[in-house]
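Reader: I'm new to this one and would like to go through it slowly with you. Could you put it up, and then I'll ask about whatever catches my eye?

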Amino acid sequence: MESFNEVWNLVCAYCKSRITEIAFSTWISRIEPVTLDFTNRVAVLKVPNELHRQTVLHYYMDLLEEAFRQIFSQEIQIKLCIPEETGHTAEKKEPEPADDNYEFTFDTYIVGPSNKFAHAASMAVASKPAALYNPLFIYGNSGLGKTHLLYAIRNEINHTHPEMDIVYIKGDEFTNELIEAIRHGTTGEFHQRYRHADVLLVDDIQFIAGKDSTQEEFFHTFNTLYEAKKQIVLTSDRPPKDIATLEERLLTRFEWGLTADIQPPDFETRIAIIKRKAELLKMELPDNVVEYVANRLKNNIRQLEGAVKKMKAYHLLQGYPLNIQTAQAAISDIINNDQPTPLTVEKIVDEVARTFGTSSADIKSSRRAANISTARQVSMYTVREITQMPLAAIGKEFGGRDHSTVVYAIQQVEKNMKHDMKLKATVNDIIKNIRDR
């Protein structure tokens with residue numbers, strides 16, 4: 001059980017970095033590890049009641065499965081039970097403080113030439129919110145530590161200014177919350193949450209690009225906060241000028257303050273990251289193992305940390321020694337998993353729907369409103385572009401439409417993109433956003 005508790009701490013850390021703090025504390029932190037049968041690849045988790053189980057099954061099961069997959073590099077079947085079904089109570093163990101701090105603090109952020117400027121700017125913002133660099137825009141490829149800096153800013157301001165209202169949100173979640181607020185008539189509460197914040201931290205802001213209603217809402221949110229001298233920090237995978245379908249008025253505002261980039265870490269920084277992560281996980285890795293990992297994973301901090309986590313999981317659950325052979329197994333899993341995640345048609349259609357301000361159901365329906373027809377054609381084009389599915393199979397995904405309908409849709413999008421630069425930029429940005437997920 002002790003080993004599974006430690007694995008569960010890793011799962012919690014992964015989940016915590018990908019959902020809001022409220023969602024994590026409400027739904028994930030109350031889950032308890034019961035048993036892990038590694039031979040049959042089954043994990044049993046206990047939730048407080050049936051409502052909790054149904055909510056996790058509906059909204060968070062994909063996240064939990066992804067967390068286990070990141071740790072073990074293979075599928076683990078998750079079974080949720082309620083207290084009446086277990087016959088015993090699993091001992092609840094909170095995530096280790098060291099690992100929790102690792103997610104949030106400047107102290108555990110390894111600084112090197114590739115991120116020194118972004119780190120210094122983040123510390124300056126945290127020490128004097130809205131007084132120095134506003135907005136602060138941090139950009140760099142996925143897995144280089146942008147989210148860590150956002151959490152570190154939040155943690156530091158929480159410590160020095162506990163009275164401040166700090167809001168953290170991901171760009172696509174901002175869109176989703178806006179859609180839900182419009183649907184349920186709760187835009188007033190939405191405005192209250194974001195326009196009255198003292199500090200607004202938005203991760204992956206590029207995902208609002210091309211979505212007219214979201215950009216309109218964020219424009220007013222930005223203006224309200226900026227004029228009230230509230231701190232805004234944004235992250236993206238590219239600088240503002242390279243976000244193709246970002247409105248000019250937002251582009252200008254994103255560049256009002258300070259822009260800082262993060263590059264892949266050099267060899268010495270990678271060594272330090274591996275050693276620090278091992279220390280936080282209470283592991284003693286030989287120098288040759290550390291150097292082996294650092295020499296083979298060069299462009300992504302998250303992969304370096306993932307390799308250390310996998311080695312610990314192998315050591316705990318299968319008794320593997322912490323040597324080069326175990327490192328090879330962990331690295332092999334990461335390298336093999338470094339290919340693009342298979343994308344379902346549903347994920348593609350969801351992204352197009354958000355961009356065009358409609359719904360996935362409308363896109364797959366027979367409705368012929370102009371914006372829905374355009375979104376449907378773009379969806380078919382994007383599915384073909386990304387997945388290379390046969391045309392007949394694409395038609396089947398879109399309500400059983402025939403081969404010729406898909407051909408026409410693709411040809412229309414290709415023709416329109418030649419003379420409509422905004423449409424071309426929108427489609428290209430949709431494809432990039434989907435591939436970056």
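Reader: Which residues in α12 are buried?

Author: In α12 the buried residues are Thr269, Arg270, Ile271, Ile273, Ile274, Lys277, Ala278 and Leu280, where buried means under 20% relative accessible area, exposed means over 50% and partly exposed lies in between, with a 1.4 Å probe and protein chains only. Helices here are DSSP runs of H or I with at least four residues, strands are runs of E with at least two, and both are numbered from the N terminus. An α-helix has 3.6 residues a turn, so residues three or four places apart point the same way.

Reader: And what can I rely on in a model like this?

Author: This is a predicted model, in which local features need pLDDT of at least 70 and side-chain atom pairs count only at pLDDT 80 or more, while totals for chains, interfaces and linings use all residues. Residues are numbered from 1 along each chain as its sequence is written, and side-chain values use heavy atoms, with hydrogens and water left out.

Reader: Back to α12, how many residues does it have, and how far does it reach?

Author: Helix α12 covers residues 267–280, which is 14 residues, and reaches 20 Å from its first C-alpha to its last, close to the 20 Å expected; that expected span is 1.5 Å times one less than the number of residues.

Reader: What happens just after α12?

Author: Just after α12, Lys282 takes a positive phi of about 60°, and this residue is in the loop between α12 and α13 (287–296). Lys282 is exposed, with a relative accessible area of 64%. Most residues other than glycine have a negative phi, and most peptide bonds are trans.

Reader: Where is Asp204, and what is its phi?

Author: Asp204 is in the loop between β6 and α10 (212–227), and its phi, near 60°, is a positive value in a residue other than glycine. At 22% relative accessibility, Asp204 counts as partly exposed.

Reader: You mentioned peptide bonds, so which residues does a cis one join?

Author: A cis peptide bond joins Asn134 and Pro135, with omega at about 0°, and Pro135 is in the loop between α6 (116–127) and β4 (136–139).

Reader: Switching to charges, how many salt bridges are there?

Author: The count comes to 21 salt bridges, a salt bridge being a side-chain nitrogen of Lys or Arg within 4 Å of a carboxyl oxygen of Asp or Glu. In one of them the side chains of Asp203 and Lys170 meet, at 3.9 Å from N to O. Asp203 lies in strand β6 (residues 199–203) and Lys170 in strand β5 (residues 166–170), so this pair ties together parts that are 33 residues apart in sequence.

Reader: Are those two buried or exposed?

Author: Asp203 is buried, with a relative accessible area of 0%, and Lys170 is buried too, at 14%.

Reader: What does Arg238 pair with?

Author: Arg238 forms a salt bridge with Asp429, the closest N and O atoms being 2.9 Å apart. The pair links distant parts of the chain, 191 residues apart, with Arg238 in the loop between β7 (231–236) and α11 (248–254) and Asp429 in helix α21 (residues 421–436). Both Arg238 and Asp429 are buried, and a network of salt bridges links these two with Asp237 and Lys432.

Reader: How many disulfides are there?

Author: A search of the whole structure finds zero disulfides, a disulfide being a pair of cysteine sulfur atoms within 2.5 Å.

Reader: Why is there no bond for Cys15 or Cys81?

Author: The sulfur of Cys15 is 6.5 Å from the closest cysteine sulfur, in Cys12, which is too far for a bond, and the sulfur of Cys81 is 15 Å from its closest one, also in Cys12, again too far. Cys15 counts as buried at 0% relative accessibility, as does Cys81 at 8%.

Reader: Last topic, the whole chain: how many helices and strands, and how compact?

Author: There are 21 helices and eight strands in the chain. Its radius of gyration is 23 Å, close to the 22 Å that the globule rule gives for 437 residues, so the chain is as compact as a globular protein of that length; the radius is taken over C-alpha atoms, and the rule is 2.2 Å times the number of residues to the power 0.38. Buried residues make up 53% of the 437 residues.
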